Amino acid sequence: MSQEISASPRVAQTRQGDAIAISRRIGGDPALLHIDAVDFETQVAGKAAARTESAALSAQLAVGAIAAEVAAAKVMITAGLSGDPPLTFRGSWDASTNTPDLLASDPREGDLWIVSQAGTTEIGGQKEWNTGDAAWYHNGAWAYFARAGWAAVAQTITAISAIRAGSSEIRTPGSQKWAVAWVGSTGQVLGGILHDGTPQFSSDDALFGPLRVKRDPRSGEGTMQIDAARTRNLHATEAVHAGQARIGTAGSGRWLAAWVDAMGAVMGGIGRDGSPLFPGARAQIGPVRIEQETLRGTGVITLDQSGAVIANGSDLTFPGAHSPARGRIADKVARRAPGYRDDERCGFRAGDLWQADRTLYTCLKSSAEGAIWDLARDGAGACPGDVFGTDLAGAWGVDAMIGGYTGPAFDVTTIAGGARQVTTISILPGGRHDADALARVLVMRDTGSPAEVTTLYDQSGRNHPLTGTYGNAPRIGAVTVNGHAAISFDASGARQRRALANAEISVPSSSFTALAFGKWTATNSALNENIQLLTVGTFSTISGIDEDGRLGVHDGKTFFRGASRQKCNPGMAGISAAGGVVSVWSGEQSDPIAVYPSALEGNATGFTLGASGVGQSCNGVLTGVVLARRAATETDFSRAYRSGALRWDWTPQARPRLWAIGDSRTAGYLSENGLTWPTMISDYLDQPMTVINLGVSGSKTEDFISMTLPGVQDDLARDPDAYNLAVIWLGINDFAGGRNKDVTMQNIRKIVAALLEGGVQHVWVISEIFAGDQEWFWQYLPCGENPDLTLVGPFTAGMPLSPFGKTGVDTIVWHPDGIHPLPSAGRVIASTLADSINAFIVRDLER
């Protein structure tokens with residue numbers, strides 16, 4: 001019920017929730033009415049019940065953190081819902097002297113004066129005024145508010161130029177503090193973005209509907225944590241206008257928060273139930289295109305200093321934010337420049353290199369929240385040999401290794417018409433070899449005869465050619481490095497040594513550098529197979545000493561193990577000496593190896609590319625090589641590597657690793673030109689990966705477990721956040737050697753378990769060829785038993801490599817021994833695996 005208040009009402013006598021209103025009797029004087037809280041709900045809020053709560057909160061937002069009488073707020077709401085302007089703040093009033101004279105003034109509807117000095121001037125029946133009270137002119141009479149907080153809108157908070165709640169609007173004279181502000185369920189300002197772009201928060205942890213706003217002590221940026229449980233029973237403003245910024249829509253009740261374009265159209269936002277909503281199928285918000293989503297969940301969203309969502313750690317989709325569900329793979333890295341999401345989460349760290357479209361980028365800063373990339377500005381040489389200047393001892397290559405070089409590049413020897421022919425291929429202006437001349441030589445040779453490079457000419461001007469003999473020289477025309485012609489050797493099980501050498505060239509044993517550019521067949525070898533690449537004097541690079549899968553050194557007498565691995569991907573490898581140690585290089589990473597001091601005395605005479613006699617095989621497919629008379633600095637290595645990346649289109653940004661584990665069929669036994677399925681699989685992968693071939697000819701499951709697996713586990717533990725996949729093709733040497741097949745299969749299961757425990761995301765196991773052996777794999781690795789394991793059967797009935805129904809050895813795909821795949825079979829295996837790996841990565845990206 002309502003009743004008239006005495007001529008000198010004291011609002012303090014009212015109860016919380018009551019309301020005070022002006023009532024003018026017909027023919028009589030206006031009077032103040034006291035309305036009970038219960039009656040107020042039925043008398044005032046009935047027709048707008050759906051909007052009362054949000055309007056109340058908007059009014060409280062205007063008050064800010066200053067407590068206002070609930071009754072006063074409801075009177076203000078009543079006026080707002082009736083369509084009248086709520087108030088116009090006029091200034092301060094001295095109630096002791098009536099200054100300014102409110103009695104003599106010509107007030108307008110909504111005028112509000114705040115008491116600055118307590119007094120007893122009688123206005124509208126009220127005689128006792130305390131500091132902070134207010135006189136409000138409404139419906140033709142002055143009304144009294146105790147401890148009014150409305151003036152705070154224009155005096156202290158004065159935050160928002162205009163606030164809308166439903167159809168109500170509260171205006172202030174225009175404090176320009178906030179560009180965007182968030183409010184809590186009780187009306188307080190929780191935080192916002194100032195006009196200068198600085199985020200401010202009223203507390204370190206504040207709730208805004210379903211959004212928890214937190215202060216970020218590191219960067220000053222805000223984070224909002226989405227809590228779906230808080231989307232029920234929301235009490236927040238339906239719409240807020242803040243200067244030129246806007247959140248929400250006026251009175252619709254649809255949005256909890258919304259983003260608008262420059263024309264004021266809503267492009268997307270948070271619905272009242274906490275779900276992100278988009279009016280259309282898609283919307284353009286700044287530089288980001290948003291597809292329609294309707295999701296809910298938990299997580300963290302980070303705002304930048306303009307209020308935009310720059311990092312979405314929730315499982316919701318927000319305007320301006322990329323999907324937080326991305327995994328640890330950077331998508332399509334070979335076809336684009338790097339962005340801020342190519343960060344530590346995807347394996348990128350400060351100093352990393354990225355090459356796309358013949359442009360180099362370098363990572364300046366990286367964390368799990370994002371990365372900063374820029375064009376590489378430290379200046380790679382025009383060609384790798386330019387890095388060493390006058391210290392260059394020799395430079396050899398299919399294309400120019402010295403900037404501006406033109407002249408002979410290499411001699412190619414072929415058999416044509418039954419006779420041996422030697423043709424010199426020159427480097428043309430522009431730095432590339434005469435491809436037409438080489439093509440003619442390759443076409444005119446006798447069918448089945450190889451084309452071999454018997455001379456690599458020294459481009460340094462020092463006249464140190466590398467030479468070999470036909471039948472024992474590397475080939476050309478069989479394989480390329482990213483489409484660039486390259487010389488190739490025989491990998492594991494080579495039937496004869498292939499090499500090019502110069503016995504006279506000499507460099508100091510204690511200070512030299514040799515770098516090779518190309519790609520590598522494998523990083524492992526059987527005991528005493530000793531796969532080589534570069535030999536300077538007596539120092540040789542050795543891949544896989546005692547099957548450890550790492551690049552080591554032989555000093556002419558002793559083997560020294562290393563720690564780095566050679567990848568199948570195009571890149572740089574080398575060996576150098578400085579400071580009493582010999583270092584091997586894989587890419588830009590060095591691995592110092594201590595050798596006996598006596599080996600570093602005097603000069604290192606002679607240089608060999610390929611197998612020098614320590615072993616028979618070479619794991620290189622090469623586009624060029626340089627030798628310098630001094631130890632290269634890290635800057636030298638970096639510039640040489642970057643020069644190679646630009647010249648031969650490397651992809652140093654390939655971060656996911658694919659471990660190829662197997663025996664001779666993976667190592668490339670009897671395969672010419674380094675053509676193995678691990679070297680070919682990159683041709684079929686949708687995402688570039690770093691492929692590491694750990695295959696060892698003759699390897700049994702127990703050999704891998706004891707000799708190679710511990711090093712793989714160490715590498716996985718050293719970089720636990722890396723994205724790793726693995727393929728296993730083992731068993732033939734166990735089965736053929738009479739090993740217990742149960743034990744063999746248990747060993748394969750043990751390898752799978754160790755890899756998965758070490759952090760490998762998924763493992764593929766290739767079954768054996770023959771039907772009886774295949775059954776063991778189906779039995780021990782049944783489909784569906786382990787979601788992180790896929791059994792691949794390229795030899796099952798209906799597949800191109802199936803032996804079923806065939807008699808003898810299929811010479812199209814197998815060597816005469818019927819065990820080792822020819823390159824044609826390797827391509828079937830590589831493409832079969834790639835189909836499954838590509839599908840897995842797509843699912844992982846979508847997750």
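So, which elements line the largest pocket of this predicted model? At least two lining residues each come from strands S41 (571–578), S42 (581–586), S43 (589–594), S46 (657–662) and S47 (690–693), and from helices H6 (634–647) and H9 (701–718). The largest share belongs to H6, which gives 4 residues.

Let's look at the pocket itself. The space inside is about 1400 Å³, and the lining runs to 46 residues. If you want to centre your view, go to Asp352, Lys567, Ser586, Gln589 and Arg655, the lining residues nearest the middle of the pocket. What is the chemical make-up of the lining, by class? There are 18 nonpolar residues, 13 polar ones and 15 charged ones. And for anyone wondering about the approach: rolling a probe the size of a water molecule over the atoms shows where empty space is left.

Now, please turn with me to one residue, Thr605. You'll find Thr605 in strand S44, which covers residues 603–610. Is Thr605 buried, partly exposed or exposed? Its relative accessibility is 45%, so Thr605 counts as partly exposed, a class that lies between under 20% for buried and over 50% for exposed.

Who are its partners from elsewhere in the sequence? Leaving out residues up to four places away in sequence, Thr605 touches Ala503, Glu504, Ile505, Ser506 and Gly537. With Ser506 there is also a polar contact, side chain to side chain, at 3.4 Å. One more pair to try in your viewer is Thr605 and Thr538: they sit 67 residues apart in sequence, and their C-alpha atoms are 8.0 Å apart in space.

How values were computed: Residues numbered from 1 in each chain as written. Predicted model: local features only at pLDDT ≥ 70, side-chain atom pairs only at ≥ 80, totals over all residues. Heavy atoms only, no water. 1 Å grid on protein atoms, 1.4 Å probe; cavity = no way out; pocket = protein on both sides within 12 Å on 5 of 7 lines; lining within 4 Å. Points joined across faces, edges and corners; volume = space filled by probe spheres on them. Nonpolar A, V, L, I, M, F, W, Y, C, P; charged D, E, K, R; others polar. Buried < 20%, exposed > 50% of the residue type's maximum accessible area, 1.4 Å probe, protein only. Contact = heavy atoms within 4.5 Å. Polar contact = N/O pair within 3.5 Å; in protein donor to acceptor, adjacent residues only side chain to side chain.
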